[in-house]
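Trainee: I have a new model open, so please go through it with me.

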Amino acid sequence: MDEVVEEAEALKHQGETHKRKNPKVELWNFIWRPVYWFRMLGDELHWSFVLSVVIVYGISQGLGVGLSRISTQYYMKDEQKLQPSESQIFFGIIQLPWVVKPLWGLLTDILPIFGYRRRPYFIFAVYPIYYVGHLFTMQLKGVLTFPHADVSERCFLGVISMLSLALHKRLHLVLALFSLMAGSAGIAIADVTIDACVAQNSISHPSLASDMQSLCGLSSSIGALVGYSLSGFLVHLVGPKGVFGVLSVPAGLVILVGMLMRDHHVPNFSYRRVNQKFLDACKAMWTTLKCREVWRPCLYMYLSLALSLNVREGMFYWYTDAKGGPSFSKEVIGSIFSVGAIGSLLGVLLYQNLLKSHPFRDVLFWTQLLYGLSGLLDLVLVLRINLKLGISDYFFAVIDEAATHMISRVKWMPLLVLSSKLCPPGIEGTFFALLMSIDNVGMLSSSWAGGFLLHVLEVTRTQFNNLWLSILIRSIFRIIPLGLLFLVPRSDPNLSILPTEMLRTKKGDDIPESDNVEMAPLVNSTLD
């Protein structure tokens, strides 16, 4: 009898071993691994937080940016007839609302609206986008006034009036820039509000900080992939201005986050204390910035971005207009950028599965080095070396875009994780916004410096003789941050970076001890 039992146990053990080694089982587990990961995040952080990140990062930002980038580039080139250097400068101007992110972050931290800290700002974030739609409608009618319609009418006008831009011959540049900045402001407000939630959860769940940034990166990359895939086709179908109407749709989903978010209600908030809270927040930010563990990484983040000169518009004009260039169509441009989004997605997966536990400094060294070398791929394309090697322009451009975006995303991920760990409790929204503002100032400096470089080298709509030189200079500048890596801590990404005394927060009457952001029906939230 014992022999039968032993034989049965041996066969069971053998079957389990075979099951573990079965390639089909391993493949099935690999396919379901993202589902398990999402389930883990939902269990630890609440499913509502995961959904909020997907809506804001994936749809509002990823899909929205994917649709807007190509349409705005063609709008500047074909409708406004700008030079590459001018277009590069104006792209920086459009992103100015992202530079003042600390203002939005400060408001979410110290100024509740109707007793809520987060929910109203998601709803408010949509208003500038619909305001732009109404503004365009008034301009088309020849009457430029402020909107007095109700919210539902503005939502309708935001879509219809943006689409009607396809019929407008030429909008004044100043009004166009103002409108695009307003749309950018709406996305920035929603971004800083969800960033506050991410930073808040990074403090309470430090071991999941990398996972949260990976979730943000995955959502953004997948959304951008869809946006870029559709953008070329839509620009060809309805024109660059017509795509602006489509951009009103993703913004509507942000309203759902604001309507369904379960936010702690402060019934008797004293607005007379706002001034004092503002001063206290500024003092807390200044105290944190003076900390050696904080200002050194901040300086590195700014310099690493500012020194990566942006000459993207020069390459875009060469892609589409150069006589000796590839002369890509709108659909081809969209497909190339969509492959870049795939590269960005692969970068997130690479960091999440292989690099998230490595020290910040080690990851940044190799990614910064590869980032500088990847810039030389543009040089091979512009000098037509790829044709001499028998590689088509499209195939090489796809490789260039995918490799550059993958490396750029892997380089960006540890900086985001590092930023989330530098935020002191109580002002996490404000301080994370401040860190992201520093990054945006770096990107703005990069964009304007790149535009100045294109202007100095006389790269125009029809002259690209010195474009190769601007690419070479850009690649050299990308290597310089390697000498600044001593500013970055070599600590474990899973551990806290701030000193222990900075992690202590004063719990006031208006800030809950456990301020977890969840999603719940609006009617239920009023009963809290």
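Trainee: Which helix gives the most to the lining of the second largest pocket?
Mentor: In this predicted model, α2 gives the most, with seven residues, where helices are DSSP runs of H or I with at least four residues, numbered from the N terminus. A pocket is an open set of points on a 1 Å grid where a 1.4 Å probe fits, with protein on both sides within 12 Å along at least five of seven lines, and lining residues have an atom within 4 Å of a point.

Trainee: Which helices each supply at least two residues of that lining?
Mentor: α2 (23-45), α3 (47-79), α10 and α15 each do so.

Trainee: And what volume does the second largest pocket have?
Mentor: About 460 Å³, taken as the space filled by probe spheres set on the points. Its lining has 19 residues, and the closest to the centre of the pocket are Pro34, Trp37, Phe38, Leu218 and Leu349.

Trainee: How does the lining divide by residue type?
Mentor: The lining of the second largest pocket divides into 13 nonpolar residues, five polar and one charged, with Gly counted as polar.

Trainee: Changing topic, at what angle do α10 and α15 cross?
Mentor: The axes of α10 (residues 209-246) and α15 (residues 330-355) cross at roughly 170° and come within 7 Å. That makes α10 roughly antiparallel to α15, a label for angles over 145 degrees. The residues of this contact divide into 14 nonpolar, twelve polar and three charged.

Trainee: How many helices and strands does the protein have?
Mentor: The protein has 22 helices and two strands, strands being E runs of at least two residues.

Terms used. Residues numbered from 1 in each chain as written. Predicted model: local features only at pLDDT ≥ 70, side-chain atom pairs only at ≥ 80, totals over all residues. Heavy atoms only, no water. Axes fitted to C-alpha atoms, helices over the stretch in contact; angles between N-to-C directions. Parallel < 35°, antiparallel > 145°, perpendicular 65-115°, else oblique.
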